[in-house]
Amino acid sequence: MTYGSDTYGDRTADEYDALYSDFVPPPAQIRLLAKLAGATPAVEIGSGTGRVTLPLAEHVPVLAVDASEEMTRQLAKKTATLPITPITADAAHYVAGQRVDLVCALFNTFFLLASETTQRAFLHNAARMLTDTGTLLIETFVPRPGQRLPDGPHPGVFPEGRSVVALKRRTVDTVVVFAAENHDDEQEFHYSEIVLRDGEPVRVLPGQMRYWRPEQIDALAGEAGLLLRERWEDWDRTPYDTDTSARHISLYRLAGQSQ
(Lines give C-alpha, C1' and ligand atoms only; values in the text may rest on other atoms or scores of the structure.)
Protein backbone atom coordinates (compact mmCIF):
# COMPACT_ATOMS: atom_id res chain seq x y z
CA MET A 1 0.00 0.00 0.00
CA THR A 2 0.97 3.64 -0.30
CA TYR A 3 2.09 5.00 3.07
CA GLY A 4 1.18 8.65 3.64
CA SER A 5 1.48 11.10 6.51
CA ASP A 6 -1.98 10.15 7.77
CA THR A 7 -1.78 6.37 7.26
CA TYR A 8 -0.64 5.45 10.75
CA GLY A 9 -3.25 7.61 12.45
CA ASP A 10 -6.16 6.72 10.23
CA ARG A 11 -5.53 2.99 10.55
CA THR A 12 -4.78 3.06 14.29
CA ALA A 13 -6.99 5.79 15.80
CA ASP A 14 -9.90 3.64 17.01
CA GLU A 15 -7.52 1.03 18.46
CA TYR A 16 -4.87 3.33 19.90
CA ASP A 17 -6.27 3.88 23.38
CA ALA A 18 -7.01 0.19 23.90
CA LEU A 19 -3.52 -0.85 22.82
CA TYR A 20 -1.60 1.81 24.74
CA SER A 21 -3.76 2.47 27.79
CA ASP A 22 -0.86 1.61 30.12
CA PHE A 23 1.53 4.05 28.43
CA VAL A 24 1.02 7.29 30.36
CA PRO A 25 3.21 10.40 30.40
CA PRO A 26 5.33 10.88 33.54
CA PRO A 27 4.40 13.91 35.69
CA ALA A 28 7.87 15.38 35.08
CA GLN A 29 7.13 15.50 31.36
CA ILE A 30 3.91 17.46 31.81
CA ARG A 31 5.53 19.87 34.28
CA LEU A 32 8.42 20.61 31.93
CA LEU A 33 6.24 21.09 28.86
CA ALA A 34 3.92 23.43 30.76
CA LYS A 35 6.90 25.46 31.98
CA LEU A 36 8.38 25.72 28.50
CA ALA A 37 5.03 26.79 27.03
CA GLY A 38 4.99 29.84 29.26
CA ALA A 39 2.19 32.27 28.47
CA THR A 40 1.56 31.02 24.93
CA PRO A 41 -0.24 27.92 23.67
CA ALA A 42 1.87 24.81 23.27
CA VAL A 43 2.00 23.43 19.74
CA GLU A 44 2.06 19.63 19.85
CA ILE A 45 2.78 17.90 16.55
CA GLY A 46 1.43 14.35 16.38
CA SER A 47 -1.06 14.83 19.22
CA GLY A 48 -2.92 11.63 18.41
CA THR A 49 -5.79 10.81 20.74
CA GLY A 50 -4.42 13.06 23.50
CA ARG A 51 -2.07 10.97 25.63
CA VAL A 52 -0.03 14.11 26.41
CA THR A 53 -2.42 16.76 25.12
CA LEU A 54 -5.09 16.16 27.76
CA PRO A 55 -2.92 16.39 30.90
CA LEU A 56 -0.90 19.25 29.40
CA ALA A 57 -4.09 21.22 28.70
CA GLU A 58 -4.83 21.24 32.42
CA HIS A 59 -1.95 23.73 32.65
CA VAL A 60 -1.70 25.56 29.30
CA PRO A 61 -3.71 25.86 26.06
CA VAL A 62 -2.67 23.32 23.42
CA LEU A 63 -2.79 23.52 19.64
CA ALA A 64 -3.04 19.77 18.97
CA VAL A 65 -1.88 19.00 15.42
CA ASP A 66 -2.17 15.62 13.73
CA ALA A 67 -2.09 14.61 10.08
CA SER A 68 -4.83 12.06 10.68
CA GLU A 69 -8.42 13.23 10.64
CA GLU A 70 -9.38 10.08 12.55
CA MET A 71 -6.90 10.84 15.34
CA THR A 72 -8.18 14.41 15.54
CA ARG A 73 -11.75 13.12 15.74
CA GLN A 74 -10.88 10.80 18.63
CA LEU A 75 -9.20 13.66 20.50
CA ALA A 76 -12.11 16.03 19.91
CA LYS A 77 -14.41 13.62 21.76
CA LYS A 78 -12.35 14.11 24.93
CA THR A 79 -11.60 17.82 25.05
CA ALA A 80 -14.71 18.89 27.04
CA THR A 81 -13.92 22.31 28.51
CA LEU A 82 -10.14 21.96 28.28
CA PRO A 83 -8.31 24.64 26.22
CA ILE A 84 -7.46 22.31 23.34
CA THR A 85 -7.73 23.18 19.66
CA PRO A 86 -7.67 19.94 17.61
CA ILE A 87 -6.17 20.60 14.17
CA THR A 88 -5.88 18.20 11.25
CA ALA A 89 -2.78 19.25 9.33
CA ASP A 90 0.40 17.81 7.90
CA ALA A 91 3.51 18.85 9.81
CA ALA A 92 5.12 19.78 6.49
CA HIS A 93 2.62 22.61 6.05
CA TYR A 94 1.34 23.64 9.47
CA VAL A 95 2.34 27.01 10.95
CA ALA A 96 0.44 28.41 13.93
CA GLY A 97 -1.24 31.79 13.57
CA GLN A 98 0.92 33.20 16.34
CA ARG A 99 4.46 32.80 17.63
CA VAL A 100 4.73 30.41 20.55
CA ASP A 101 7.23 29.47 23.25
CA LEU A 102 6.96 25.71 22.70
CA VAL A 103 6.69 23.42 19.70
CA CYS A 104 7.05 19.74 20.58
CA ALA A 105 7.15 16.40 18.78
CA LEU A 106 6.99 13.68 21.44
CA PHE A 107 7.65 9.96 21.61
CA ASN A 108 9.04 9.28 18.15
CA THR A 109 6.64 11.62 16.34
CA PHE A 110 9.58 13.19 14.50
CA PHE A 111 10.52 9.77 13.11
CA LEU A 112 6.86 8.98 12.35
CA LEU A 113 6.72 11.97 10.02
CA ALA A 114 8.25 9.22 7.88
CA SER A 115 9.93 11.20 5.10
CA GLU A 116 12.98 13.43 5.11
CA THR A 117 11.08 16.05 3.12
CA THR A 118 8.35 16.29 5.78
CA GLN A 119 10.87 16.29 8.62
CA ARG A 120 12.89 19.11 7.08
CA ALA A 121 9.73 21.13 6.40
CA PHE A 122 8.56 20.60 9.98
CA LEU A 123 11.85 21.91 11.39
CA HIS A 124 11.65 25.02 9.22
CA ASN A 125 8.02 25.57 10.25
CA ALA A 126 8.91 25.13 13.91
CA ALA A 127 11.58 27.83 13.59
CA ARG A 128 8.99 30.14 12.01
CA MET A 129 6.57 29.55 14.90
CA LEU A 130 8.96 30.08 17.81
CA THR A 131 9.32 33.28 19.77
CA ASP A 132 12.84 34.63 20.19
CA THR A 133 13.16 32.68 23.46
CA GLY A 134 11.07 29.70 22.37
CA THR A 135 11.94 26.00 22.37
CA LEU A 136 11.53 23.15 19.92
CA LEU A 137 11.51 19.88 21.87
CA ILE A 138 11.97 16.52 20.16
CA GLU A 139 11.74 13.21 22.04
CA THR A 140 12.68 10.01 20.26
CA PHE A 141 14.66 6.80 20.57
CA VAL A 142 18.32 6.49 19.66
CA PRO A 143 18.66 4.01 16.77
CA ARG A 144 20.98 1.37 18.19
CA PRO A 145 20.41 -1.87 16.23
CA GLY A 146 20.25 -4.89 18.50
CA GLN A 147 19.32 -2.92 21.62
CA ARG A 148 15.96 -2.89 23.34
CA LEU A 149 13.65 -0.01 22.55
CA PRO A 150 13.47 2.21 25.64
CA ASP A 151 9.76 2.32 26.50
CA GLY A 152 6.26 2.71 25.19
CA PRO A 153 4.07 0.30 23.27
CA HIS A 154 6.68 -1.31 21.01
CA PRO A 155 8.18 -4.47 22.51
CA GLY A 156 11.50 -6.10 21.94
CA VAL A 157 14.55 -4.65 20.25
CA PHE A 158 15.38 -2.32 17.42
CA PRO A 159 16.26 -4.96 14.81
CA GLU A 160 19.75 -5.34 13.46
CA GLY A 161 18.61 -6.92 10.24
CA ARG A 162 15.53 -6.80 8.14
CA SER A 163 12.99 -8.36 10.45
CA VAL A 164 12.07 -9.24 14.01
CA VAL A 165 8.82 -10.54 15.45
CA ALA A 166 7.71 -10.26 19.06
CA LEU A 167 4.53 -11.05 20.90
CA LYS A 168 2.78 -9.10 23.60
CA ARG A 169 -0.43 -9.95 25.38
CA ARG A 170 -2.67 -6.94 25.99
CA THR A 171 -5.75 -8.54 27.56
CA VAL A 172 -7.05 -12.02 28.23
CA ASP A 173 -8.45 -12.29 24.70
CA THR A 174 -6.02 -10.06 22.77
CA VAL A 175 -2.51 -10.69 21.50
CA VAL A 176 -0.52 -8.25 19.36
CA VAL A 177 2.19 -9.51 17.03
CA PHE A 178 4.83 -6.86 16.39
CA ALA A 179 6.74 -7.41 13.16
CA ALA A 180 9.48 -4.97 12.16
CA GLU A 181 12.09 -4.41 9.49
CA ASN A 182 15.09 -2.13 9.80
CA HIS A 183 16.28 -0.87 6.40
CA ASP A 184 19.57 0.44 7.72
CA ASP A 185 20.90 1.83 4.44
CA GLU A 186 17.82 4.03 4.03
CA GLN A 187 17.46 4.64 7.80
CA GLU A 188 13.87 3.47 7.63
CA PHE A 189 12.02 1.38 10.20
CA HIS A 190 8.88 -0.36 8.93
CA TYR A 191 6.60 -2.23 11.28
CA SER A 192 3.14 -3.71 11.67
CA GLU A 193 1.15 -4.39 14.80
CA ILE A 194 -1.11 -7.33 14.07
CA VAL A 195 -4.02 -7.42 16.50
CA LEU A 196 -5.43 -10.87 17.20
CA ARG A 197 -8.63 -10.61 19.24
CA ASP A 198 -10.93 -13.51 20.03
CA GLY A 199 -14.01 -13.50 17.80
CA GLU A 200 -12.90 -10.54 15.64
CA PRO A 201 -11.19 -10.19 12.26
CA VAL A 202 -7.41 -9.80 12.28
CA ARG A 203 -6.31 -6.16 12.11
CA VAL A 204 -2.99 -4.97 10.70
CA LEU A 205 -1.83 -1.54 11.91
CA PRO A 206 1.13 -0.31 9.85
CA GLY A 207 3.81 2.13 10.91
CA GLN A 208 6.82 3.64 9.21
CA MET A 209 9.66 5.78 10.51
CA ARG A 210 12.52 7.72 8.95
CA TYR A 211 15.05 7.66 11.76
CA TRP A 212 18.20 9.64 12.47
CA ARG A 213 20.98 9.64 15.00
CA PRO A 214 20.89 12.61 17.39
CA GLU A 215 23.80 14.38 15.70
CA GLN A 216 22.03 14.04 12.35
CA ILE A 217 18.93 15.69 13.79
CA ASP A 218 21.16 18.48 15.07
CA ALA A 219 22.45 19.03 11.54
CA LEU A 220 18.92 19.10 10.09
CA ALA A 221 17.84 21.54 12.80
CA GLY A 222 20.87 23.71 12.06
CA GLU A 223 19.81 23.99 8.43
CA ALA A 224 16.45 25.28 9.69
CA GLY A 225 18.10 27.93 11.86
CA LEU A 226 17.92 26.00 15.14
CA LEU A 227 20.69 25.15 17.62
CA LEU A 228 20.80 22.46 20.27
CA ARG A 229 20.35 23.94 23.74
CA GLU A 230 20.14 20.86 25.99
CA ARG A 231 19.84 17.10 25.66
CA TRP A 232 18.77 14.52 28.27
CA GLU A 233 17.99 10.82 28.20
CA ASP A 234 14.77 11.09 30.23
CA TRP A 235 12.28 13.52 31.71
CA ASP A 236 14.20 13.60 34.99
CA ARG A 237 16.94 15.36 33.00
CA THR A 238 19.48 12.57 33.33
CA PRO A 239 22.48 13.66 31.22
CA TYR A 240 22.52 12.11 27.77
CA ASP A 241 25.29 9.57 27.16
CA THR A 242 26.35 9.24 23.54
CA ASP A 243 27.38 5.62 24.10
CA THR A 244 24.55 4.21 26.21
CA SER A 245 21.39 6.34 26.22
CA ALA A 246 18.47 4.59 24.54
CA ARG A 247 16.54 7.78 23.80
CA HIS A 248 17.00 11.52 23.85
CA ILE A 249 14.98 14.58 24.71
CA SER A 250 16.51 17.43 22.75
CA LEU A 251 15.74 21.12 23.16
CA TYR A 252 16.52 23.53 20.34
CA ARG A 253 16.49 27.33 20.21
CA LEU A 254 16.64 29.83 17.39
CA ALA A 255 20.17 30.48 16.18
CA GLY A 256 21.43 33.88 17.26
CA GLN A 257 19.36 33.93 20.45
CA SER A 258 20.89 33.63 23.92
CA GLN A 259 20.23 30.49 25.92
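In the predicted model, Arg203 is partly exposed, with a relative accessibility of 25%. The side chain of Arg203 forms a salt bridge with Asp14, in which the closest N and O atoms lie 3.1 Å apart. This pair links distant parts of the chain, since Asp14 belongs to helix 1 (residues 7–19) and Arg203 to strand 9 (residues 203–210), with their positions 189 residues apart in sequence. Asp14 itself is exposed, at a relative accessible area of 53%. Both residues also take part in a network of salt bridges whose members are Asp14, Glu15, Arg197, Glu200 and Arg203.

In total, 15 salt bridges were counted. Among them is the pair formed by Lys78 and Asp17, with a separation of 2.6 Å between the closest N and O atoms. Lys78 is located in the loop between helix 4 (69–76) and strand 3 (84–88), whereas Asp17 is in helix 1, so the salt bridge ties together parts that are 61 residues apart in sequence. Lys78 is partly exposed, with a relative accessible area of 29%, and Asp17 is likewise partly exposed, at 32%.

A further salt bridge joins Glu116 to Arg210, and here the closest N and O atoms are 3.3 Å apart. Glu116 lies in helix 6 (residues 116–129) and Arg210 in strand 9, so this pair ties together parts that are 94 residues apart in sequence. The two partners fall into separate accessibility classes: Glu116 counts as partly exposed at 28% relative accessibility, while Arg210 is buried, with a relative accessible area of 13%. The value for Arg210 is under the 20% limit, and the residue is therefore classed as buried.

A polar contact was also found between the side chains of Asn182 and Tyr211, at 2.6 Å. Asn182 is placed in strand 7 (residues 174–183) and counts as buried, with a relative accessibility of 3%. Asn182 and Tyr211 are 29 residues apart along the chain, and their C-alpha atoms are separated by 10.0 Å.

On the surface, Leu196, Val202 and Val204 make a nonpolar patch of about 230 Å². Of these residues, Leu196 is found in strand 8 (residues 188–197). Leu196 is partly exposed, with a relative accessible area of 35%. Patch residues must have over 30% relative accessible area, and the 35% of Leu196 therefore meets this requirement.

Terms used
Residues numbered from 1 in each chain as written. Predicted model: local features only at pLDDT ≥ 70, side-chain atom pairs only at ≥ 80, totals over all residues. Heavy atoms only, no water. Patch = residues over 30% accessible without salt bridge, like charges linked within 9 Å, V, L, I, M, F, W, Y side chains within 5 Å. Areas by Shrake-Rupley, 256 points an atom, 1.4 Å probe, with all protein chains shown as cover. Salt bridge = Lys/Arg side-chain N within 4 Å of Asp/Glu carboxyl O. Helix = DSSP H or I, 4+ residues; strand = E, 2+ residues; numbered from the N terminus. Buried < 20%, exposed > 50% of the residue type's maximum accessible area, 1.4 Å probe, protein only. Polar contact = N/O pair within 3.5 Å; in protein donor to acceptor, adjacent residues only side chain to side chain.
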